[in-house]
Amino acid sequence: MPVSRHAPSRRLAISGLLALGLSACAQSEATVSPFAEPTRADASALGKEPELLVVTTRRSLGARQPYFGSDRGSLTFAEVRLSPPARGISGQISSVVSGDWAVLGVDAADSSDPARAFAQAATGRDVLLYVHGFNETFESAARSAGQLSHSLEFQGRTAIFTWPSGGKLFDYAYDRESALWSRDGFVRALQALVANPTVGRIHIVAHSMGSFLTLEGLRELRDSAEVYARIGSVIFASPDVDIDAFEQTVSRLGPLARRMTVIIDPGDRALAVSARIAGGVARAGATDRARLEALGVRVADTSGRGWSMLRHDLFLSDSEVTQVVRRAMDRGKGA
């Protein structure tokens, strides 16, 4: 059997994954800037009422932890009970340093229409929908969503679309296929939110490979003016998307591009490894700023910020980068 010309570079990329310890997408590995200002324990709606809405294409594991696994399953809606950061100065500092959120339990809804149940749970509120990236377990993704919402001091309902990532270092190919496979579920969730006339603005924050899933879903909905009208903002944090594919897709999304913000860092080591695995094609999250701005999107270049070795999760771990997300959402409120 002939050897692929990409085989050496792929072996090198896998070695790079090991050397870098690429669990970068998981919140538990985040290194937080010591200069970040603690968020008050009651600053966000999630801090007051720590319940996270979950819509997922992961197979349910029932009442036992981790509740949802890495296998693919039918679309499911659930509500997650979170433990917020402890009150007081010491608890706030702990939250900044370690992301002090924990999953206490999951209440799965018994519904024949999980997308509609999800939308009903968001009745009367703006929605922050977080879409996680590569190498995430259900619990690590839920903790990240809690930390993000709390840091943003978001006052609506916080939700997570969690797809069946393998949660393992060498599952990159499985994760990418699972993200694509989950596109229909993501589309159903968005359509259901829009079908509820009391739901306000929908803000989407997609990280890493979650950006690939989000773009695919938005492209499926490009003929739905109603869906696009209800989206306040779309933030792609370190998008692990082929830059050529990113350009092609965004160029087809019309005026929605003006509500998009892309957080990039040419020094993102995780995306450098992804590019090697992908045969050398640059990722959108580490590409030239001007190339992205030509698409009509806003770009935030985070070069030189933060203390994270991999520089792949600064939207969670650096307070100033988190504020980029907040400003994008503020602009989207009046879109």
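**Figure 1. T56 and its partner across the β1–β2 pairing.** In this predicted model, T56 has T76 of β2 as its bridge partner. That pair belongs to a longer run: β1 (residues 51–60) and β2 (residues 68–83) pair in the antiparallel sense, with eight bridges between them. Turn to β5 (residues 157–162) and the sense changes, since β1 and β5 pair in the parallel sense over four bridges. Two places to look for on that side are L53, which stands opposite A159 in β5, and V54, whose bridge partner in β5 is I160. Is β1 enclosed or open to the outside? Seven of its ten residues are buried, so the rest of the structure largely encloses this strand.

**Figure 2. The whole sheet, strand by strand.** Zoom out a little and you can follow nine strands forming an open sheet of mixed pairing, in the order β3-β2-β1-β5-β4-β6-β7-β8-β9. Which strands sit at the edges? Those are β3 (102–108) and β9 (298–301), each of which pairs on one side only. On average, neighbouring strands of this sheet are turned by 25 degrees against each other, direction ignored.

**Figure 3. Helix α6 lying across β1 and β2.** Back to the strands of the opening view, now with a helix added. Helix α6 (residues 172–181) lies across both β1 and β2. Against β2, α6 runs at about 80 degrees.

**Figure 4. P85, just after β2.** P85 belongs to the loop between β2 and α3 (89–98). Relative accessibility here is 7%, so P85 counts as buried. If you want a distance to check, try A102: P85 and A102 are 17 residues apart in sequence, with their C-alpha atoms 8.6 Å apart in space.

**Figure 5. N196 in its loop.** This one sits between α7 (183–195) and β6 (202–207), in the loop that joins the two. Is N196 buried or exposed? With 11% relative accessibility, N196 counts as buried; the cut-off for that is under 20%. What does N196 touch beyond its neighbours within four places in sequence? The list is A119, Q120, T123 and R230.

**Figure 6. One face of helix α10.** The buried residues of α10 are I243, F246, T249 and V250. Look down the axis of α10 and these buried residues fall within an arc of 130 degrees, so they line one face of the helix. Covering them are, among others, α8, β7 (231–237), β8 (260–264) and α12. At the N-terminal end of α10, D242 acts as the cap, with a side-chain oxygen 2.7 Å from the backbone nitrogen of D244.

**Figure 7. A salt bridge between α10 and α12.** Side chains of opposite charge can pair when their charged atoms come close. Here the pair is R291 and E247, whose side chains meet in a salt bridge at 2.7 Å, N to O. R291 lies in helix α12 (residues 289–293) and E247 in helix α10 (residues 243–250), so this salt bridge ties together parts that are 44 residues apart in sequence. How exposed are the two ends? R291 is partly exposed, at a relative accessible area of 31%, and E247 is partly exposed too, at 21%. For E247 that value is just enough, because buried means under 20%.

**Figure 8. Salt bridges within a helix.** A search of the whole structure turns up ten salt bridges, and this view picks out two that stay inside one helix. The one in α12 joins R289 to E293, with the closest N and O atoms 2.9 Å apart. These residues are four apart in α12, which means about one helical turn separates them. R289 is partly exposed, with a relative accessible area of 36%, and E293 also counts as partly exposed, at 39% relative accessibility. Salt bridges with shared partners also join R183, E216 and R219 into one network. Within that network, the side chains of R219 and E216 meet at 3.0 Å, N to O. Both R219 and E216 lie in helix α8 (residues 209–220), three residues apart, or about one turn of the helix. E216 counts as buried, given its 10% relative accessibility.

Key
Residues numbered from 1 in each chain as written. Predicted model: local features only at pLDDT ≥ 70, side-chain atom pairs only at ≥ 80, totals over all residues. Heavy atoms only, no water. Buried < 20%, exposed > 50% of the residue type's maximum accessible area, 1.4 Å probe, protein only. Pairing = 2+ DSSP bridges. Salt bridge = Lys/Arg side-chain N within 4 Å of Asp/Glu carboxyl O. Arc of directions from axis to C-beta. Contact = heavy atoms within 4.5 Å. Polar contact = N/O pair within 3.5 Å; in protein donor to acceptor, adjacent residues only side chain to side chain. Axes fitted to C-alpha atoms, helices over the stretch in contact; angles between N-to-C directions.
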